[in-house]
Amino acid sequence: MASSLSTIALFLPQSLYIKPRLAPRPLPPPQFRSLFLTSPAGARTATVMPRRAAVIVSAATAETPKKKGESKGFVEEMRFVAMRLHTRDQAREGEKEVKQPEEKAVTKWDPSVEGYLKFLVDSKLVYDTLEKIVQEAPHPSYAEFRNTGLERSASLAEDLEWFKEQGYTIPEPSSPGLTYAQYLKELSVKDPQAFICHFYNIYFAHSAGGRMIGKKVAEKLLNNKALEFYKWDDDLPRLLQNVRDKLNKVAEPWSREEKDHCLEETEKSFKLSGEILRLILS
Ligand code: HEM
């Protein structure tokens, strides 16, 4: 911590050498040999002066330990938190235990077309809401996320039209979708960091687990018909990388507290999305 800047001078016998604990690397000139000594509080720099063998340990560089993924940009931090909230059945990096039916492996699901339609209708309401918010941009930074190519509202409209043509009745949006849409509208105005967390999780979850779900449900219920919901006009990895770059840019000026606040919202995102996913099994 920069505020607790302290300097301790230790006078050691000339014969005493401090061995670096890190991998050996070429030493700088003997009059200014810097070694890194690690401690639970963070890195301490020790400067060894050979004649008087004085070791100055400075805490000036001791920062709060870096968050997992922090060095790679904020998206990596969001991804790390999200992956831990999966169950092992959902993803290899998952750590949560299975409590809800949708947290079991997708291969063990027993979906119904009626349930899947409810899921598609509620998902459309959520994407309509997100895409409208980004267009209106109550916070100017949201404008970065216009026309990213990840938008799902129009493709879902096409899919619902297809189901209608097959003779299915399209249900009205239900409680999980209505609740999530209302929550997003409120957050988008009063809490941009939390809103960005939902934006990230909704679009990126769909590109990963969402596609697995689409494939499995299509196999079981739709004679392998690939819905528009799971098709993108451009190369998906390229679109995702472009949005990752924009998210990193938007989060760059955020304070550590604002970043942590965004990360803390991940759990809520899983809860609300999980309730919509569960509709597939209803
Ligand atoms: C049945 C439910 C789910 C399954 C089967 C599932 C599965 C997966 C898998 C396999 C990955 C890819 C892991 C990798 O990169 O190796 C993933 C990534 C991810 N999932 Fe899920 N997931 C589910 C639900 C959710 C939910 C509810 C959310 C949050 C709302 C979510 C958010 C994410 C995010 C943010 C990523 C990272 C994507 C990326 O880095 O590109 N997932 N998921």
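**View 1: A137 is a buried loop residue with a positive phi.** A137 counts as buried because its relative accessible area is 13% (buried means under 20%, exposed over 50%, and partly exposed in between, with a 1.4 Å probe and protein chains only). This is a predicted model, in which local features need pLDDT of at least 70 and side-chain atom pairs count only at pLDDT 80 or more, while totals for chains, interfaces and linings use all residues. Residues are numbered from 1 along each chain as its sequence is written, and side-chain values use heavy atoms, with hydrogens and water left out. A137 sits in the loop between α2 and α3 (153-165); helices (H or I, at least four residues) and strands (E, at least two) are DSSP runs, numbered from the N terminus. Its phi is near 40 degrees, which is positive even though A137 is not a glycine. For background, most residues other than glycine have a negative phi.

**View 2: N223 also has a positive phi, and this residue is exposed.** Here phi is near 55 degrees, again in a residue other than glycine. Where does N223 lie? Look in the loop between α5 and α6 (236-251). N223 counts as exposed because its relative accessibility is 74%.

**View 3: H86 holds the iron atom of the ligand.** Which protein atom is the donor? NE2 of H86, at 2.1 Å, is the only protein donor of the iron. Donors here are N, O and S atoms within 2.8 Å of the metal (3.2 Å for Na, K and Ca), and since water is not among the atoms, sites may look incomplete. H86 comes from the loop between α1 (74-84) and α2 (113-136). A polar side-chain atom of H86 also lies 2.9 Å from a nitrogen atom of the ligand (a polar contact is a pair of N or O atoms within 3.5 Å; within protein, one must be able to donate a hydrogen and the other to accept it, and residues adjacent in sequence count only if both atoms are side-chain atoms).

**View 4: K96 shares a loop with H86.** K96, like H86, belongs to the stretch between α1 and α2. The two residues are 10 residues apart in sequence, and their C-alpha atoms are 5.8 Å apart in space. With a relative accessible area of 34%, K96 is partly exposed.

**View 5: A shell of 23 residues surrounds the ligand.** The closest of them are R79, H86, Q90, A205 and R244; a residue counts as near if one of its heavy atoms lies within 4 Å of the molecule or strand in question. Two arginines have polar side-chain atoms facing ligand oxygens: R79 at 2.5 Å and R244 at 3.3 Å. Which helix gives the largest share of the shell? That is α5, with 8 residues. At least two shell residues come from each of α1, α5 (192-221) and α8 (266-278).

**View 6: The ligand takes up the space of the largest pocket.** Pockets are found on a 1 Å grid over the protein atoms alone: a cavity is a set of points where a 1.4 Å probe fits but cannot get out, and a pocket is an open set with protein on both sides within 12 Å along at least five of seven lines, with lining residues having an atom within 4 Å of a point. A molecule sits in one if more than half of its atoms lie within 2 Å of its grid points.

**View 7: C197 and C262 are two buried cysteines.** How many disulfides does the whole structure have? A search finds 0, a disulfide being a pair of cysteine sulfur atoms within 2.5 Å. For C197, the nearest cysteine sulfur is that of C262, 4.7 Å away, and C262 in turn has the sulfur of C197 as its nearest. C197 counts as buried because its relative accessibility is 1%, and C262 because its value is 0%.

**View 8: T169 and D245 show two other surroundings.** T169 sits in the loop between α3 and α4 (175-190) and is exposed, at 68%. From T129 it is 40 residues away in sequence and 23 Å away in space, C-alpha to C-alpha. D245, in helix α6, is partly exposed at 43%.

**View 9: The whole protein has 8 helices and 4 strands.** From the N terminus on, the order is β-β-β-β-α-α-α-α-α-α-α-α. Of its 282 residues, 40% are buried.
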